[in-house]
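Colleague: I have a few minutes before my next run starts, and I would like to go through this model with you. Could you put it up so we can talk it over?

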Amino acid sequence: MCGIIGYVGKRKALPIILSGLHDLEYRGYDSAGVAVLERGHLSVVKCKGRINDLEKLLESRNLQACIGLGHTRWATHGKPSKVNAHPHTDCSGRITVVHNGIIENFDSLKKTLTKEGCIFKSQTDTEVIAHLIGKFYQGDIEEALRRAVKMLKGSYALAVMAKDHPDRIIGIRNDSPLVVGVGKGENFLASDTAAFLSYTNRVIFLEDKELVTITPSGIEITSLGAKRIAKKEDKILHTKEQVQKGGFKHFMFKEICQQPQIASKVISRYVTSKGQIKFKDFSIDQSVLEKFNKITIVACGTAYHAGLVGKYLIEDFTGMPVEVDLASEFRYRKPIIKDNTLMVAISQSGETADTLAAVREARKKKTKVLAICNVVGSTLTREVDSTIYIHAGPEISVASTKAYTAQLMVIYLFGLYLAGIKKTRSKKQIDKVLASLCQIPSKQKKVIESSKDIKKIARKYLHFGAFLYLGRHLNFPTALEGALKLKEISYIPAEGYAAGEMKHGPIALIDEYRAVVCVATDSFVFDKMVSNIQEILARKGKIIVVATLGNKKIRDCTKEIIYVPSVEEIFYPLLSVIALQLFAYFIADLKGYDVDKPRNLAKSVTVE
Ligand code: F6R
């Protein structure tokens, strides 16, 4: 979603801000803007469209300032346009603000401010913040910001600059990430470490309602009551190279190809040389884990599909019931959580608003929460009892791929770990599953090696107007995830369904114009899938199958087969999904779409 970068130091601010905005592009946006402050003059330049368009506008301006703000906007209130792009200024033109989040009471605030004489230029909720700060400003900009945020309801990460204070940027957050980049003789403020990683990997994560002031030589963090807060500095361990395409056409393709390597990394991090599962920094005692007899998983989108796979696996490994909830539903449905329930929150970013809200709901009831997360230091990881990191490295493509299989890897290990604790599987049985899991990276490589064949099928099917994805048992979440990938990046309507539900409705869709992707790898429900395939063929539907290499029966059904290597039944979710990611990727690329930045989507959904 929206992105913020602020710089104050001795260098020219504009190139740093623009490179920061480029590094935030992956989050998704529709307009962009910058504000710089130089010799008492505030210049604000913004436009609808891409950062490149903004750069063109800036070419003719000779802006030498050493302090400035930049923003990428993903429209919520008011259409994407130059006037709605950030930064926004107060009526006096002295104060300028960039904002991520949603101000829920902006309408009533706007009415009051308008009555008081403020003239609004945009339709955004953000502009009320600029006017509020302007209203409260009496020489102390930090105090004006404190008074302003006390009036706000909703989520915000704010960065503010004022003409009268050319040495500083101030910021504050509530339910939306904001992080300080610590430099030498310069400092940064951003919504995401990616924005300043080229300059520093030293960071300070802010908590809600902490106000930060950055100057070239200092960082001061205070409470809403103006009391100083001491904070510890962290280090970002990934490098700038990891957030570059490195010769790949798209981040999505790079990230798909990274999956075997990441799966190996997860194994080597969490499985000792003696074959024991050990989660580093895991802080829920075994004695506590032993007592749980139910698990509730909450997540959104792709992470939710990982949770669905988790349900099949953990129930199978441990005999414990596992419920999987969409976080956006869980938070509003007065959930019943008993003492003996462990909540597992799955999130790549650790910043998804609904997942955070679901976790907070559970924590109010004193439920223990475990996060499965990618981003170190993210809000989720700071609010839960313990985190197992998936170590997928930065995921830049908006459509999640490598995070999904890394989440699955952790879920397999966590399920086995629980089975060991609860003694539902013997050591020998666990060792056997682990030994097979260790073979998965090489099998995933084989799927990636069949890219050319998958591309051929994609080329043949890219003109179909709608797709249905079917699977049973563990292949059902894979079907859902395959359909999600296709619709996200190719904009082709695609629906995922449990194949057993076909006769209860979706079969009505089948005719010669419908393409049906069937995930039919070898399993105890394989014959049932074949029956579904026959029913589709009988209605002239076009079939593409993901099947196990060597399966002869499937060849009688269709010519369009994407083969994945043979593995034990429980491991197919780690392979088949890669075939479907590639299929979606090639369709979108062949159609000429911006694969990494699909329209209307944002990388981390920090607002509801
Ligand atoms: C799909 C996708 C989204 C995310 C969802 C949750 O490709 O990326 O569906 O999975 O927005 O995001 P996280 O995992 O960051 O909580």
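Colleague: How many salt bridges does the structure hold?

Modeller: There are 31 salt bridges in the structure, and please keep in mind that this is a predicted model.

Colleague: What links D175 to R360?

Modeller: Their side chains form a salt bridge, with N to O at 2.9 Å. The two residues belong to distant parts of the chain, 185 residues apart, since D175 is in the loop between strand 8 (169–174) and strand 9 (179–182) while R360 is in helix 11.

Colleague: And is D175 buried, exposed or partly exposed?

Modeller: D175 counts as partly exposed because its relative accessibility is 30%, and R360, with a relative accessible area of 25%, is partly exposed as well.

Colleague: Staying with helix 11, which residue does E361 form a salt bridge with?

Modeller: The partner of E361 is K364, and the closest N and O atoms of the pair are 3.5 Å apart. Both residues lie in helix 11 with a spacing of three residues, about one turn of the helix, and K364 counts as exposed at 61% relative accessibility.

Colleague: What about K368 and D385, how are those side chains joined?

Modeller: They also meet in a salt bridge, here with an N to O distance of 3.9 Å. K368 lies in strand 18 and D385 in the loop between helix 12 (379–383) and strand 19, so this salt bridge ties together parts that are 17 residues apart in sequence. K368 is partly exposed at a relative accessible area of 32%, and D385 is partly exposed at 26%.

Colleague: Which residues are linked in a network of salt bridges?

Modeller: E142, D167 and R168 are linked in such a network.

Colleague: New topic, then. In what order do the five strands of the open sheet come?

Modeller: The order is 16-15-17-18-19, with parallel pairing. Strand 16 (322–326) and strand 19 (386–389) are the edge strands, each pairing on one side only, and the twist from one strand to the next averages 20°.

Colleague: How many bridges are there between strand 15 and strand 17?

Modeller: Five bridges pair strand 15 (residues 294–299) with strand 17 (residues 341–347) in the parallel sense, and I295 stands opposite L342 of strand 17.

Colleague: Which helix lies across that part of the sheet?

Modeller: That is helix 13 (residues 402–422), which lies across strand 15, strand 17, strand 18 (368–373) and strand 19, and which runs at about 160° to strand 17.

Colleague: How many residues does the largest nonpolar core have?

Modeller: The largest nonpolar core has 102 residues, and I295, F414, F467, Y469 and F583 are those with the most contacts inside it. Helix 13 supplies the largest share of this core, with 15 residues. At least three residues come from each of domain 2 (248–438) and domain 3 (446–596).

Colleague: What is Y469 in contact with, beyond its neighbours within four places in sequence?

Modeller: Leaving those neighbours aside, the contacts of Y469 include A479, L486, Y497, V517, L580 and F583. There is also a second, separate core of 29 residues, and I16, L24, L63 and A65 are among its members.

Colleague: Now the hairpin: how do strand 2 and strand 3 run?

Modeller: Strand 2 (residues 31–38) and strand 3 (residues 41–48) run antiparallel and are joined by eight bridges, and the bridge partner of A32 in strand 3 is C47. Two residues separate the strands of the hairpin, and R39 in the turn has a positive phi of about 45°.

Colleague: Is that sign of phi usual or unusual in general?

Modeller: Most residues other than glycine have a negative phi, and most peptide bonds are trans. Elsewhere in this model, K366 has a phi near 65° and is placed in the loop between helix 11 (353–364) and strand 18, where K366 counts as exposed because its relative accessibility is 75%. K423 also has a positive phi, about 60°, and is found in the loop between helix 13 and helix 14 (427–437), where K423 counts as exposed at 67% relative accessibility.

Colleague: And where is the cis peptide bond?

Modeller: The cis peptide bond joins H86 and P87, with omega about 0°, and P87 is placed in the loop between strand 4 (67–73) and strand 5 (88–89).

Key: Residues are numbered from 1 along each chain as its sequence is written. This is a predicted model: local features need pLDDT of at least 70, side-chain atom pairs count only at pLDDT 80 or more; totals for chains, interfaces and linings use all residues. Side-chain values use heavy atoms; hydrogens and water are left out. Two strands pair if DSSP finds at least two bridges between them. Helices (H or I, at least four residues) and strands (E, at least two) are DSSP runs, numbered from the N terminus. Axes are lines fitted to C-alpha atoms, for helices over the stretch in contact, and angles run from 0 to 180 degrees between N-to-C directions. Contact means heavy atoms within 4.5 Å. Buried means under 20% relative accessible area, exposed over 50%, partly exposed in between (1.4 Å probe, protein chains only). A nonpolar core is a set of buried Ala, Val, Leu, Ile, Met, Phe, Trp, Tyr and Cys residues joined through side-chain atoms within 4.5 Å. Domain bounds come from an automatic or database domain assignment. A salt bridge is a side-chain nitrogen of Lys or Arg within 4 Å of a carboxyl oxygen of Asp or Glu.
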